[in-house]
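Subject: The model I promised you

Hi,

Here is the structure we talked about, ready for you to open and turn around on your own screen. My notes on what turned up in it follow below.

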Amino acid sequence: MRIAIVTESFPPDVNGVANSVVRVAEHLVRRGHRPLVIAPQPAAGARDGADALPYPVVRLPSVPMPGYPQFRLGLPGRELAAALRGHDAEVVHLASPFVLGARGVAVARAMGLPSVAVYQTDVAAYARAYRVRLTEAAAWRWLRRVHNAANRTLVPSSATASALDEHGIQRIWLWQRGVDSERFRPEHRSAALRRALAPGGEVLVGYVGRLAVEKRVDLLAGASRLPGVRVVVVGDGPAGPALRRALPQALFVGPRHGRQLARIYASLDVFAHTGPYETFGQTVQEAMASGLPVVAPAAGGPLDLVRDGRTGHLVRPDDPDAFTAAIAGLVADPDRRTEYGRAGRAAVRGRTWAAIGDELIGHYTAVLAEAPAVGSPRPGRLFRLRQAAA
């Protein structure tokens, strides 16, 4: 198949959408399909790297996102339709559609191409967190318009499926994310790295991800003051300066990737995921694959990933005391940390990117076999839920 992936984000961006698109495109190439990626142009001076990829990438003009200039918003224009025609696309994959994706689904409909929309970013919650002019109600109206124009919407978690259903989005299917359990594994634990991060032998509590307002990393302030604990923050973003002031005892190491990131995960003792707006929570899976117990909010994607009292603890969202208490309990009980870490590793081992990629290809095949691009909404199966392997 010839698939055009229209994405709101792509490397050098570091986020869940960009990472998923890379994984999908790589898998399609391995399976003998022909992907094309259409993405925003990165900021001037940023390393693109698209020329080295085994699939074509078309960059469209972009502007900084208001309030978050590190993120670029693609400007849809005639180039998008020209790219679809030039690729002779059969299916259009819309990755977290909002701006480029809205144009992508409109062009797909005009060309009679089926489309699959992947919901991955809680735009309505972000609008609230950043206090932008776009209200939550307006965001949902726009999302409903975009997603209901696609043949299928794929969501990463049962909580997200329920939220979209409540807001009138139709034809919802569950499509989760894979994890590289060979890259992320307990055997990468490094005594030397632990000595560097915790020279006093502290218990290491880690966060990995973007440093942004909606991620609520500030909820770890209490944990960072626990005796014998060192909080390690991996990542970068616009909230970095404020977080360094809020967590002066924490160690901020900046962004890490590849083997270096895998060594950090495995060298931690507890993983803390603080954001309440996650539609999935990929770093939770990576931490579990690395053999770590997880503390996460009882909201969104983590509800499917973390088994409370078995692989970690789910706590009240936005409650700093709840996070501190759960982390303190794990810090004081190394046997429980080991037990939860082993159970977490076992829970995610079968969630390979190959299996997830093949499932996505099945969705492409299904929409190709259905009627042409969606016209008026039609009844059908709302969504298919599979219990998390955990």
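Let me start with the aromatic rings: the count comes to 4 aromatic pairs. Before you go further, please keep in mind that this is a predicted model.

One of the pairs is made by Phe98 and Trp142, which meet edge-to-face, with 6.5 Å from centre to centre and 75° between the planes. These two rings come from distant parts of the chain, 44 residues apart. Phe98 sits in the loop between strand 6 and helix 3 (100–111), while Trp142 belongs to helix 5 (residues 136–148). How buried or exposed are they? Phe98 has a relative accessible area of 19%, so it counts as buried, under a cut-off of 20%. Trp142 comes out at 30%, which makes it partly exposed.

Another edge-to-face pair is Phe184 with Tyr265, at 5.4 Å between the centres and 90° between the planes. Phe184 is in the loop between strand 9 and helix 7 (191–197) and Tyr265 is in helix 10 (residues 258–267), so this contact ties together parts 81 residues apart in sequence. Both Phe184 and Tyr265 are buried. They also belong to one aromatic cluster together with Phe271.

Now the sheets. In one of them, 7 strands form an open sheet with parallel pairing, in the order 3-2-1-6-7-8-9. Which strands stand at its edges? Those are strand 3 (57–60) and strand 9 (172–174); each has a single partner strand, so one side of each is left without a neighbour in the sheet. From one strand to the next, the twist averages 20°.

If you want to walk through this sheet, try strand 1 (residues 2–7) and strand 6 (residues 91–95), which run parallel and are joined by 5 bridges. Within that pairing, Ala4 stands opposite Val92 of strand 6. Further along, strand 7 (residues 115–118) runs parallel to strand 8, with 3 bridges between them, and Val118 has Leu154 of strand 8 as its bridge partner. Strand 8 also pairs with strand 9 in the parallel sense, again over 3 bridges; there, Val155 stands opposite Leu174 in strand 9.

Strand 8 (residues 152–155) is worth a look for its side chains too. As a reminder, in a regular strand the side chains alternate between the two faces of the sheet. In strand 8 both faces are covered: Arg152 and Leu154 on one side, and Thr153 and Val155 on the other, are all buried. Arg152 has something else to show, since its charged end sits over the ring of Trp173, 4.0 Å from the ring centre.

There is another open sheet, built from 6 strands in the order 12-11-10-13-14-15, and its pairing is parallel as well. Strand 12 (251–254) and strand 15 (312–315) are the edge strands here, and each pairs on one side only. The twist in this sheet averages 20° from one strand to the next. At one edge, strand 11 (residues 229–234) and strand 12 pair in the parallel sense over 3 bridges, and the bridge partner of Val232 in strand 12 is Leu251.

Strand 10 (residues 203–208) contains Gly206, which is buried with a relative accessible area of 1%. Gly206 and Leu220 are 14 residues apart in sequence, and their C-alpha atoms are 9.6 Å apart in space. For contrast, have a look at Asp51, in the loop between strand 2 (34–40) and strand 3. Asp51 is exposed, with a relative accessible area of 83%. From its C-alpha atom to that of Glu182, 131 residues away along the chain, the separation is 27 Å.

Last, a pocket. The second largest pocket holds about 240 Å³ of space. What lines it? There are 14 lining residues, and the closest to the pocket centre are Arg189, Leu268, Gly291, Leu292 and Thr338. Helix 14 (residues 334–348) gives the most to this lining, with 5 residues.

That is everything from my side for now.

Cheers

Note on methods: Residues are numbered from 1 along each chain as its sequence is written. This is a predicted model: local features need pLDDT of at least 70, side-chain atom pairs count only at pLDDT 80 or more; totals for chains, interfaces and linings use all residues. Side-chain values use heavy atoms; hydrogens and water are left out. Two strands pair if DSSP finds at least two bridges between them. Helices (H or I, at least four residues) and strands (E, at least two) are DSSP runs, numbered from the N terminus. Axes are lines fitted to C-alpha atoms, for helices over the stretch in contact, and angles run from 0 to 180 degrees between N-to-C directions. Rings of Phe, Tyr and Trp (its six-membered ring) pair if their centres lie within 6.5 Å; planes under 30 degrees apart count as stacked, over 60 as edge-to-face and the rest as tilted. Buried means under 20% relative accessible area, exposed over 50%, partly exposed in between (1.4 Å probe, protein chains only). A charge sits over a ring if NZ of Lys or CZ of Arg is within 6 Å of the ring centre and within 35 degrees of the ring normal. On a 1 Å grid over the protein atoms alone, a cavity is a set of points where a 1.4 Å probe fits but cannot get out, and a pocket is an open set with protein on both sides within 12 Å along at least five of seven lines; lining residues have an atom within 4 Å of a point. Grid points are joined across faces, edges and corners, and a volume is the space filled by probe spheres set on the points.
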